[in-house]
Amino acid sequence: MSKRGFSVRSFGTGTHVKLPGPAPDKPNVYDFKTTYDQMYNDLLRKDKELYTQNGILHMLDRNKRIKPRPERFQNCKDLFDLILTCEERVYDQVVEDLNSREQETCQPVHVVNVDIQDNHEEATLGAFLICELCQCIQHTEDMENEIDELLQEFEEKSGRTFLHTVCFY
C-alpha cells in the first residue's frame with residue numbers, strides 16, 4: 001500500500017508478538033521490545049528450513065527494512081482517519097481501546113475489518129482488496145457519507161463481510 005502512495009502503519013494488539021512455531025499450539029512468543037532482527041536470528045537458529053519454507057523469515061526480513069520492531073496499537077497515541085483490521089478479534093480490541101480513551105478532539109476515525117485467513121495466498125488477495133478499497137475511499141468526495149455504500153459494494157463484489165464503526169479521538 002505504501003508503494004501506492006498511502007501512509008501506512010502496522011500494529012499488533014495483543015500482549016505479545018506471536019509467530020507460527022513448529023506446531024499450532026507452539027507459537028514463538030516475543031515481547032514488543034524484541035527487534036525484528038532478534039526474532040529473525042532466533043528463528044534462524046531454531047529451524048532455518050521450517051521458517052524459510054513457511055515464509056516467516058522472509059516476512060521478518062521485509063519488516064526489519066521498514067521499522068526496527070513491532071508496535072502495539074494500544075501504546076500509540078497518533079491520530080488516524082482509517083484503521084483497517086484483518087481479524088474480528090483485532091477489530092474488537094481496536095474499537096474497545098479507542099472507546100476507552102478520553103475524547104479530546106472529536107476527530108472521527110473509521111475502523112473497518114475484513115476477515116483474511118492467515119496464510120500467504122489469502123494475505124496477498126486481501127492486500128489487493130484492501131488497497132482497492134483504500135483507493136476508492138481516497139477518491140470519494142465525502143468519506144463520512146459515502147463509506148457505508150462503498151463497503152456494501154465491496155461486500156457484494158468480494159463475497160466478504162466487512163465490519164465498520166466510527167470512533168472519535
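**Figure 1. Packing of helix α1 against helix α2 in the predicted model**. Helix α1 spans residues 36-53 and helix α2 spans residues 56-66. Their axes come within 9 Å and cross at roughly 160°, which means that α1 runs roughly antiparallel to α2, since the angle is over 145 degrees. The handedness of this crossing is left-handed.

**Figure 2. Residues at the contact of α1 with α2**. From α1, the contact includes the residues Y36, D37, M39, Y40, L43, L44, K48, Y51 and T52. These meet I56, L57, L60, D61, N63 and K64 of α2. By residue class, the contact comprises nine nonpolar, two polar and four charged residues.

**Figure 3. Surroundings of C106, a cysteine in no disulfide**. Zero disulfides are found in a search of the whole structure. For C106, the nearest cysteine sulfur belongs to C167 and lies 12 Å away, whereas a disulfide requires a pair of sulfur atoms within 2.5 Å. C106 has a relative accessible area of 48% and is therefore classed as partly exposed, the threshold for an exposed residue being over 50%.

**Figure 4. Surroundings of C131, a cysteine in no disulfide**. The sulfur of C134 is the nearest cysteine sulfur to C131, at 6.7 Å. That separation is to be read against the disulfide cut-off of 2.5 Å. C131 is classed as buried because its relative accessible area is 6%, the limit for a buried residue being under 20%.

Notes. Residues numbered from 1 in each chain as written. Predicted model: local features only at pLDDT ≥ 70, side-chain atom pairs only at ≥ 80, totals over all residues. Heavy atoms only, no water. Buried < 20%, exposed > 50% of the residue type's maximum accessible area, 1.4 Å probe, protein only. Axes fitted to C-alpha atoms, helices over the stretch in contact; angles between N-to-C directions. Helix = DSSP H or I, 4+ residues; strand = E, 2+ residues; numbered from the N terminus. Parallel < 35°, antiparallel > 145°, perpendicular 65-115°, else oblique. Left-handed = near helix turned anticlockwise from the far one by under 90°. Contact = heavy atoms within 4.5 Å. Nonpolar A, V, L, I, M, F, W, Y, C, P; charged D, E, K, R; others polar.
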